[in-house]
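Got the viewer open? Let's walk through this one stop by stop, selecting as we go.

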Amino acid sequence: KFYENTFKAPDAESEWTETMVNIKRDIPDVDIAFAHNNRVWAAKDRSIYCTNQGDPLVWADYDSLAGGSWWADTGNGEVDGITGGVSFGGYPRFFTREHIYTVYGDAPADFSIYDLRAKGTPRGESESFASANGILIYLSDSGFVAYSGGYPQKIDSDLGINRFEGAIAASDGRKYYVWCREFEKNDSTEI
């Protein structure tokens, strides 16, 4: 974003000159990103980031109190790090294989991370997240689970398949639709 009169054209009597200008913006290298409350939230490894409120291009403005950027390290030592993220239940939530992190607060000065040791999602399965009837459904290491803010509950026992992979899900708000395959098989399944 350039402010008015940042660049001035030469007057009619002077000659134009050409100059190379490099513009750099600090954007973190992230694996996961989603929108929540007019900010972009993102994660990589153990770190969680968010942009300035209303400005998805500003990731490093730590001087603003209410609308500024924010960054935190979860301190999690899991090898895969953060494997998924979603806006759910009014909060940004981040997942590892064995943890669910919820970021509480309305401004960077108030943000805090709540760590719930529970079934998260393995790396590569973040496309399994979808919300139906106010419940977040996703693929964990132990199968499909339903999450409403407490501990996720396994919901795929009646399917007769022990382990899934490659899940891609969607929802119409009422029903959860997923395409996946049985672990280490090439057969696809629609649920």
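Start by selecting cysteine 50 and tryptophan 70: tryptophan 70, in S4, is the bridge partner of cysteine 50. Before moving on, some ground rules: this is a predicted model, where local features need pLDDT of at least 70 and side-chain atom pairs count only at pLDDT 80 or more, while totals for chains, interfaces and linings use all residues. Residues are numbered from 1 along each chain as its sequence is written, and side-chain values use heavy atoms, with hydrogens and water left out.

Now show the strands S3 and S4, which run antiparallel and are joined by four bridges. (Strands are DSSP runs of E, at least two residues, numbered from the N terminus; two of them pair if DSSP finds at least two bridges between them.) Widen the selection to the open sheet of four strands, ordered S1-S2-S3-S4 with antiparallel pairing. S1 and S4 are the edges, each with a single partner strand, so one side of each has no neighbour in the sheet.

Go back to cysteine 50 and colour by accessibility: cysteine 50 is buried, at a relative accessible area of 0%. (Buried is under 20% relative accessible area, exposed over 50%, partly exposed in between, with a 1.4 Å probe and protein chains only.) Cysteine 180 is buried at 0% too. Looking for disulfides, meaning cysteine sulfur pairs within 2.5 Å? The count is zero.

Next, the largest nonpolar core, which has 13 residues; among those with the most contacts inside it are Trp41, Ile48, Trp70 and Ile82. (Such a core is a set of buried Ala, Val, Leu, Ile, Met, Phe, Trp, Tyr and Cys residues joined through side-chain atoms within 4.5 Å.) Strands S1, S2, S3, S4 and S7 each give two or more residues to this core. Apart from it lies another core of twelve residues, including Phe144 and Cys180.

Last stop, the charges. There are eight salt bridges, each a side-chain nitrogen of Lys or Arg within 4 Å of a carboxyl oxygen of Asp or Glu. Pick arginine 46 and aspartate 73, whose side chains meet at 3.0 Å, N to O. Arginine 46 is in the loop between S2 and S3 and aspartate 73 in strand S4, so this pair ties together parts 27 residues apart in sequence. Arginine 46 is partly exposed at 35%, and aspartate 73 is partly exposed at 36%. Then try arginine 97 and aspartate 80, a salt bridge at 2.5 Å, N to O. Finish on Asp29, Asp31 and Lys44, linked in a network of salt bridges.

Key. Disulfide = S-S within 2.5 Å.
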